[in-house]
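Student: I should like to understand how the terms used for a protein model are justified. Could we go through them one by one?

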Amino acid sequence: MFRSLSLIRVAELILLWFLAFAILWKGGKSLETTWLLPLVSCLWVYVSWRTSPRTGASVRPFLWSSVLLFLLWSVLSYIFSLTQNYGLDELLRDISLFLLMLCISRIEWPRFSAERTMRWLAWCAFVAALAGFVVYILQPVNRFVGTFFDFRFQTDYWPNAWAEFVLLAWPSVLWLAVTSSSQTRLIRLGMLGVVLSGLLLSYSRGGMLAFGGQLALLLLLLVIRGWPLHKNLVRGFSRYPWKKIVISAGAVVGMAVVLFVITNLIRSNFYEVQDIESKVTFNAAEGNSSITERSAFWQQAVLLTRERPLLGWGPESFRFVQPLLQRGILATADHPHNVILKLAMERGVPAALLYLCILLAILGVSLRREIFSTDESVLTVRAVLLVSVCGVLAHNMIDYNLQFVGIVLPFTLFLGFLARDIPTHPRESIPRSFQKAVEVVIAIVLLILTVWEGRYLVLSSFGRHAEAVHDDAAALQWFEASKGELFSRDLFLSHAQLLLDQGKSRDAEMVLGRYLAVNGQDYRVWKLLGTVLVARNRPDDALIAYEHAYAYGYQNDLSILRSLLELLEMTGNQDALRVWKPKAEKLLASYANAIEQNTHYISLSTNVEEFEKVTTFLSSHFPDDKHSYDVLLEIVKQHAKDARSKIKARPPGFLW
């Protein structure tokens, strides 16, 4: 008994400290966080298996079956994926999270509760917000990101993910304040003001909309909870100390606004501050592209779903297949900015429907119980969980951020706590012993796969570090040792490029063949294959490879067009050059417009230099149009120079 109790406490502490680590270390976006998650999940399955059946009943058959079917369908989608070098991390994450959810929904341990998790989350959110103020004031990034950033890369700041985390965490901070003693309540209301000021400073329009929806839901629950529908509404409304609630809310909002103003005043001494009016009216740097592009992504996801409705294209495949439907320069993304469309497109319609069934089964029962609850508390635990989960779901309908373990882990834990509301009946239940046996088998397979791939992950990371310091010989050795990796990502591209640089074009072609065997949708592999085939003196095959690359990536990488034109020149195919001339001019016009608008900061990319190479090439082959090419090039170079000068003139970060 004591041994089991100590094991339970160890599992609780490991989970809670891992939760803090996921939130405070890059928001849980790093691979090390993703690979630690299965280990934590397997520990919980083991503890669940070791505890007595009296500790918890079996999970309701509909919920348990839906979860297992969703995981099975996700595995099948990965097996038949067209982009298998990506997606394994997402699959491992989802299996780990749903196993954790089942454990949480079943086990009611004396010390581990929703209250404890909410308290832990509230303090993590406060610490993350404090860190975010330091980053916002002392770094060039012009939106608040909390701890959702990677200091190694200049572009890896995630303000929308931070906003979504605040949507998840602020109800817990509010609950912490409401349930505190009168001596500490004021301090903890101040904590809430600090966290909400981080939401304001994120300038997330979607986050503010979802926050407004959360407030409306919370107010609705406060008004009708415990009020039978046949009784007096005024009586139900007057159950709460509304005067104190309004005063406290006003104080929190006032503090958040004051912090917003003061923080921007301090930041303005170092960096430019976003204009709130331009952001609201869509006149900021990105204009209204955030709306138009999202709409395009949704439509493209629907079209791609129709092509493969059963199993989808594979986890994390949107980034590779969406460019075929791309509507503008650099108008691409890693996901369609909608969780349901992402699941439907990547894993098939059945997976999306199963996911919806899981959510509706949990939220429907919990919402009904909360509405008809007779709890006299001003703010119940169930209300906090519902508001948090609904806020995150609302935000994920317009911007997907569940790839961050710092968000999806507490989100899943909250779902597990809410799932305890679903009643179980002996005649309907699947035997607990069977449920546990299936979950243990899944956990064992998950653990084996995690450890096996973790070894390759370490080996390939050594290769990438060696490549970064230009130790090509060591990098090639590490890459060769990692060739059995399932989650290979760009491993084969780096390996082939190193081989090509050393003149080993035949070996490079073989490595690219391995890449094509798992992902033929990536334009980068076709582009590099074309270069390798040119080196091997196979121009006809190289032309086919470049045409494949052009079909997938012509609106993202102008070097594809340049390589293709140079190959036609090398083979002396003047007729083909004349055919490509109008296509090239049309594409150049699109790139020129994008560089002029600095769309997605294209002026900072190598596409500017590629633009110059392409126009110079066309000028030499079509001298009659040289003047128009030169004028266009001068305009592009001037806009790029202005954009780069602004970035160069910006003060560097004071932290890194």
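Tutor: Let us begin with a definition: contact means heavy atoms within 4.5 Å. The model before us is predicted. The buried residues of helix H20 pack against helix H18 (432-468), helix H19 (472-481), helix H21 (505-518) and H22.

Student: What makes helix H20 count as mostly covered?

Tutor: Helix H20 spans residues 491-501, and 9 of its 11 residues are buried, where buried means under 20% relative accessible area. These residues are Leu491, Phe492, Leu493, Ser494, His495, Ala496, Leu498, Leu499 and Leu500. Just after H20 comes Gly503, with a positive phi of about 80 degrees.

Student: How do you know how much confidence the predictor places in the chain?

Tutor: The mean pLDDT of the protein chain is 91, and 92% of its residues reach 70 or more, on a scale from 0 to 100. Confidence is highest in H14, at 98, and lowest in helix H9 (residues 233-237), at a mean of 55. Where pLDDT is low, the predicted coordinates should not be read in detail.

Student: Why are Glu316 and Arg319 called a salt bridge?

Tutor: The cut-off is 4 Å between a side-chain nitrogen of Lys or Arg and a carboxyl oxygen of Asp or Glu. The closest N and O atoms of Glu316 and Arg319 are 3.8 Å apart, so the pair meets the definition. By this rule the count comes to 30 salt bridges.

Student: Are the partners Glu316 and Arg319 buried, partly exposed or exposed?

Tutor: Glu316 has a relative accessible area of 9% and is therefore buried. Arg319, at 25%, counts as partly exposed, since that class lies between the 20% and 50% limits.

Student: What makes Lys483 and Glu480 a salt bridge, and which exposure class applies to each of them?

Tutor: Their side chains meet at 3.0 Å, N to O, which is to be set against the limit of 4 Å. Lys483 has 41% relative accessibility and counts as partly exposed. Glu480, at 34%, also counts as partly exposed.

Student: How do you know that Arg578 pairs with Asp575, and where do the two residues stand in their helix?

Tutor: The closest N and O atoms of Arg578 and Asp575 are 2.4 Å apart, and the definition asks for a distance within 4 Å. Both residues belong to helix H25 (residues 574-597), where they are 3 residues apart and so separated by about one helical turn. Arg578 is partly exposed, with a relative accessible area of 47%, whereas Asp575 counts as exposed at 53%. Elsewhere, salt bridges that share partners join Glu90, Arg93, Asp94, Lys342, Glu346 and Arg347 into one network.

Student: What is said of the cavity in this structure?

Tutor: The structure holds 1 cavity of 30 Å³ or more. A set of points is called a cavity because a 1.4 Å probe fits there but cannot get out. About 200 Å³ of space lies in the largest cavity. Its lining has 16 residues, of which Asp94, Phe98, Tyr355, Leu402 and Val408 lie nearest the centre. Helix H4 (88-106), helix H14 (339-347) and helix H17 (405-419) each supply at least two residues of this lining.

Student: Which kinds of residue make up the lining of the largest cavity?

Tutor: The lining divides into 11 nonpolar, 1 polar and 4 charged residues.

Student: Why is Ser105 called buried?

Tutor: Ser105 has a relative accessible area of 11%, and the limit for buried is under 20%, so the term applies. Ser105 lies in helix H4. Leaving aside its neighbours within four places in sequence, Ser105 is in contact with Val59, Gly416, Ala419 and Arg420.

Student: What is the phi of Lys26, and what is the phi of Asn537?

Tutor: Lys26 has a positive phi of about 60 degrees although it is not a glycine. Asn537 is likewise a residue other than glycine, with a positive phi near 60 degrees. Lys26 is found in the loop between helix H1 (2-24) and helix H2 (31-50), and Asn537 in the loop between helix H22 (523-535) and helix H23 (539-553).

Student: Are these two residues buried or exposed?

Tutor: Lys26 is buried, with a relative accessible area of 6%. Asn537, at 63% relative accessibility, counts as exposed, because exposed means over 50%.

Definitions and conventions:
Residues are numbered from 1 along each chain as its sequence is written. Side-chain values use heavy atoms; hydrogens and water are left out. On a 1 Å grid over the protein atoms alone, a cavity is a set of points where a 1.4 Å probe fits but cannot get out, and a pocket is an open set with protein on both sides within 12 Å along at least five of seven lines; lining residues have an atom within 4 Å of a point. Grid points are joined across faces, edges and corners, and a volume is the space filled by probe spheres set on the points. Helices (H or I, at least four residues) and strands (E, at least two) are DSSP runs, numbered from the N terminus. Ala, Val, Leu, Ile, Met, Phe, Trp, Tyr, Cys and Pro count as nonpolar, Asp, Glu, Lys and Arg as charged, and the others, Gly among them, as polar. Buried means under 20% relative accessible area, exposed over 50%, partly exposed in between (1.4 Å probe, protein chains only).
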